[in-house]
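Thanks for asking for a second pair of eyes on this one. Here are some notes to read alongside the structure.

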Amino acid sequence: MLKIKYSDPPETDKERLSRQNNNGPMPQNNLDITDYVTKLTWSGDSDQAARKVDFSIVYNMANKDKAFIPLDLKVGGFIYLYYQESAMSDEIEIFEGRIFYRKRQSEGYAFDFTCFDDMIYLAKSNMRAIISGTASAAITQVCNEIQIPVGTLPADLSCKVNFICDDKSCTEAIRMILDNQQAADLSNGKDTYYLPVCINGKVNIIKKGELITGYIATADTNITAAEHSENIENMVNRIKAVDDNGTVCQMFTNNDDVKHFGMIQKIYKMQPPKDGETVDNVKAAKAKLSRQKDESSLKGTGYIQCITGYAIQVQEEQLKGKFYIKSDTHTFDNGIHTMDLTLEYIPDNPEQPEIEQVDYASPVFNSSSNRMDNDRNVSNGSQSVDAGLSAGWSVWGGHTMKNGAKGCAEFAGKCGSYYSPFMAKEAKNGVVSCNGLVSDAKKAGLLTTNTKDIQKGDILVYGNNKHVVIYDGQGGYYGNSSSRNVTVHSGNYADIGLPVTKVIKASRG
């Protein structure tokens with residue numbers, strides 16, 4: 001049983017004064033319009049930001065039917081859907097949103113409306129801000145920007161984020177935050193995907209594919225039709241990554257798919273570093289690889305919990321197993337509830353494709369090649385640590401080193417040259433290996449194994465001289481990212497994955 005209620009949009013001061021001066025009717029509040037609704041669809045899609053409700057009401061003009069009392073549902077008005085499984089069960093709210101569109105043809109007897117939940121405001125609103133903190137705090141920061149309340153967030157949204165959101169939609173900002181969390185999960189052996197959904201007017205985050213318990217879709221009980229398709233029309237199994245000069249710098253190949261289906265190749269143009277954020281060209285290039293697509297769908301008796309983001313069990317002639325709901329459309333017509341679901345199969349043991357990566361050359365970006373090749377941007381170590389580190393980062397931050405993924409010592413020397421005479425000497429002498437840097441620091445009396453006493457500007461050495469970064473004095477570091485092939489400023493020096501074994505005291509010499 002479905003119940004639909006309507007409330008007028010909030011009055012402006014001018015509207016309120018006009019109503020009071022003209023003894024106009026009070027605004028409608030929680031008006032039950034169920035009996036006026038002839039047909040309603042409630043839908044969601046993983047590729048769309050907000051859930052949507054389309055409905056039609058019976059409508060007529062007083063001059064055509066004096067006995068008919070028409071409804072005036074305004075654009076911006078609130079629509080609430082309540083669902084009750086049976087007379088004995090509790091009534092639950094399944095949708096809360098606003099009317100964004102209405103249409104009526106004068107020769108007909110219906111008025112059509114389209115509504116979206118509050119996730120639409122995240123999609124339509126852009127922001128500019130520094131997003132930082134845990135993933136959970138960052139999501140709250142984004143929602144507070146446009147005054148959308150936050151509901152339930154998973155306890156494990158704990159990774160640290162720090163980036164500039166420059167004229168991006170709030171939906172894009174949340175996606176960037178969740179992508180960071182998913183990358184952190186993957187590094188810890190967990191393959192997760194998170195989705196934002198609106199429940200009772202609040203933004204909630206759910207994990208993709210959470211199983212709806214107590215429901216199984218079967219041909220004998222609740223499925224009227226099912227369909228399954230497989231295609232390789234959009235397959236891409238080789239990516240060549242090229243720089244600004246058109247040089248092929250990296251190549252990524254799914255060799256199994258090449259052998260099985262034949263080679264389908266695309267070109268990815270590598271992106272230069274951007275101020276305030278890092279560019280992961282490896283991740284972006286791999287994301288363009290596409291495999292065989294399997295898509296399934298079913299039609300059947302409606303079940304109110306079957307909405308996008310969750311998963312169901314299916315037992316049918318063509319479909320068997322656990323399926324993720326990619327999109328859903330629930331239709332309520334003449335008291336009958338039906339649904340159409342688009343599904344994606346979730347295997348018990350997902351296959352992880354083996355991607356061969358071949359590195360040919362370090363990329364050259366026209367916007368930054370002069371900085372990379374110009375040693376005049378190496379200083380003499382005369383500034384204070386605070387001023388020098390800031391100056392060094394402003395020159396070398398977010399750039400690709402000559403030595404590419406192996407440029408950690410090169411970056412430490414060039415950036416450190418602004419405040420440390422020792423690092424300036426290393427940079428000018430062309431020292432670009434960790435072993436060479438550590439050896440020279442020992443000769444200069446600046447090397448220590450006391451990893452507890454570290455100061456801003458010190459060089460942290462990891463493992464057996466495997467990697468070096470500059471300590472930022474606040475628990476983070478400046479360093480060269482081998483996976484992203486650019487220099488980065490990150491929030492936790494302990495996240496490198498190797499222990500700090502030595503310290504070069506560049507802060508004092």
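1. Burial first, as several points lean on it: a residue is called buried under 20% relative accessible area, exposed over 50% and partly exposed in between, with a 1.4 Å probe and protein chains only. By that scale Phe111 is buried at a relative accessible area of 11%, and Phe113 is buried too, at 3%.

2. A word on provenance. This is a predicted model, in which local features need pLDDT of at least 70 and side-chain atom pairs count only at pLDDT 80 or more, while totals for chains, interfaces and linings use all residues. Residues are numbered from 1 along each chain as its sequence is written, and side-chain values use heavy atoms, with hydrogens and water left out.

3. On to the rings. Rings of Phe, Tyr and Trp (its six-membered ring) pair if their centres lie within 6.5 Å; planes under 30 degrees apart make a stacked pair, over 60 an edge-to-face pair, and the rest are tilted. There are twelve aromatic pairs in the structure. In one of them, the ring centres of Phe111 and Phe113 lie 4.9 Å apart with planes at 25°, so this pair is stacked. Both residues belong to an aromatic cluster made up of Phe55, Tyr59, Phe111 and Phe113.

4. What is the geometry of the pair Phe323 and Tyr345? The centres are 5.4 Å apart and the planes stand at 55°, so the pair is tilted. Phe323 lies in strand 19 (residues 320–333) and Tyr345 in strand 20 (residues 336–346), so numbered from the N terminus as DSSP runs (E, at least two residues, for strands; H or I, at least four, for helices). The pair links distant parts of the chain, with its residues 22 apart. Phe323 is buried, with 3% relative accessible area, whereas Tyr345 is partly exposed, with 43%.

5. Please look at Lys208 as well. A charge sits over a ring if NZ of Lys or CZ of Arg is within 6 Å of the ring centre and within 35 degrees of the ring normal. The charged end of Lys208 sits over the ring of Tyr193, 5.7 Å from the centre, and also over the ring of Tyr324, 4.5 Å from the centre.

6. Now a sheet that repays a careful look. Strands pair if DSSP finds at least two bridges between them. Four strands form an open sheet of mixed pairing, in the order 16-14-15-21. Its edges are strand 16 (265–269) and strand 21 (356–359), each pairing on one side only. From one strand to the next the twist averages 20°.

7. Strand 15 (residues 248–253) is worth following in that sheet. Five of its six residues are buried, so strand 15 is largely enclosed by the rest of the structure. Five bridges pair it with strand 14 (residues 238–242) in the antiparallel sense, and four bridges join it to strand 21, again antiparallel. Met251 is the bridge partner of Lys240, and in strand 21 Met251 is partnered by Val358. Gln250 has Asp359 as its bridge partner in strand 21. Strands 14 and 15 form a hairpin with five residues between them, and Gly246 in the turn has a positive phi of about 85°.

8. A second open sheet has six strands in the order 22-27-23-24-25-26, with antiparallel pairing. Strand 22 (447–448) and strand 26 (486–490) are the edge strands, each pairing on one side only. Two bridges pair strand 22 with strand 27 (residues 500–504) in the antiparallel sense, and Leu447 has Ile504 as its bridge partner in strand 27.

9. Two backbone positions deserve a check. Most residues other than glycine have a negative phi. Asn23, however, has a positive phi near 55°; Asn23 is in the loop between helix 1 (13–21) and strand 2 (31–32) and is exposed, with a relative accessible area of 71%. Gln147 has a positive phi near 60°, is placed in the loop between helix 3 (135–145) and strand 9 (160–169), and is exposed at 73% relative accessibility.

Notes
Axes are lines fitted to C-alpha atoms, for helices over the stretch in contact, and angles run from 0 to 180 degrees between N-to-C directions.
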